[in-house]
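Open the model in your viewer and keep the selection tool ready. Each stop below says what to select and what is there.

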Amino acid sequence: MIIIKSSYKDKVSLVPAVGVLYFHPVEMFDDHYFMKQALVEAQKAYDAEEVPVGAVVVIDNKIIARAHNLTERLNDVTAHAEMQAITSAAHFLNGKYLNDCSLYVTLEPCVMCMGAIYWSQLSKIVFGAKDKKRGYQQAHLQAHPKASVYGGVMADEAAALLQTFFQKKRT
């Protein structure tokens, strides 16, 4: 059997054909896949009685940082999921700029987090649910000029987790 090698950056599936395995590109890692990973982090926050927001940072379809809100545990108002993920990714890459990276976060970033996103120069920001009270769009802020921003990815799932959390807090 012969296996045709491909670089780690390629997304592939194996298709048998007369004793030979060929690699065919397949889109396995899309915005929904990475947002699901951010939702896993949000669930960890929920389980720890933190506001359920999760984030992941991705480069070349590889998750290099995962985080969720830690504001209660650390008694730190700046310990948002985005801030934790940006710090972790910067440490992983050994640099402060994340210009080839994408951030997936379950809730629209706040003004503080959008400032950090701007300065870290993330190239793509994808968020789930809109934050109508504290989201960066309420302050009419813009992302870095070289960044792309996409909202509403798996928004219903992210919003449902937040609503469940706050309903539970009120009872």
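Start by selecting Glu108 and the backbone of Asp131: the side chain of Glu108 reaches the backbone nitrogen of Asp131 at 3.1 Å. Keep in mind that this is a predicted model.

Now add Tyr136 to the selection. Its backbone nitrogen is also reached by the side chain of Glu108, here at 3.3 Å. To place Glu108 along the chain, look at the loop between strand 6 (102–107) and helix 4 (111–120).

Which side chain of opposite charge is nearest to Glu108? Select Lys130: this is the one, and it is 4.9 Å away. Glu108 is buried and has no salt bridge; a salt bridge needs a side-chain nitrogen of Lys or Arg within 4 Å of a carboxyl oxygen of Asp or Glu.

**The largest pocket**

Next, select Val51, Leu107, Asp131, Leu162 and Phe166. Of the 24 residues that line the largest pocket, these are the closest to its centre. Asp131 appeared at the opening stop, where its backbone nitrogen met the side chain of Glu108. The volume of this pocket is about 780 Å³.

Colour helix 2 (71–74) and helix 5 (155–170); each supplies at least two residues of the pocket lining. Which element gives the largest share of that lining? Helix 5 does, with six residues. If you colour the lining by class, you will find ten nonpolar, five polar and nine charged residues.

**The loop between strand 7 and strand 8**

Move to the loop between strand 7 (124–129) and strand 8 (148–151), and select Ala139 there. Is Ala139 buried, partly exposed or exposed? Its relative accessibility is 38%, so Ala139 counts as partly exposed; that class runs between the 20% and 50% cut-offs. Then select Cys110, which is 29 residues from Ala139 along the chain, and display the distance between the two C-alpha atoms: 9.1 Å.

Stay in the loop between strand 7 and strand 8 and select Pro145. Pro145 has a relative accessible area of 68%, so it is exposed. Add Ser123: Pro145 and Ser123 are 22 residues apart in sequence, and their C-alpha atoms are 9.2 Å apart in space.

**The whole chain**

Finally, clear the selection and show the whole chain as a cartoon. How many helices and strands are there? The protein chain has five helices and eight strands. Followed from the N terminus, the elements run β-β-β-α-β-β-α-α-β-α-β-β-α. The protein chain has 171 residues, and 40% of them count as buried. Glu108, where the tour began, is a buried residue.

Conventions:
Residues numbered from 1 in each chain as written. Predicted model: local features only at pLDDT ≥ 70, side-chain atom pairs only at ≥ 80, totals over all residues. Heavy atoms only, no water. 1 Å grid on protein atoms, 1.4 Å probe; cavity = no way out; pocket = protein on both sides within 12 Å on 5 of 7 lines; lining within 4 Å. Points joined across faces, edges and corners; volume = space filled by probe spheres on them. Helix = DSSP H or I, 4+ residues; strand = E, 2+ residues; numbered from the N terminus. Nonpolar A, V, L, I, M, F, W, Y, C, P; charged D, E, K, R; others polar. Buried < 20%, exposed > 50% of the residue type's maximum accessible area, 1.4 Å probe, protein only. Lys, Arg positive; Asp, Glu negative; His and termini not counted. Polar contact = N/O pair within 3.5 Å; in protein donor to acceptor, adjacent residues only side chain to side chain.
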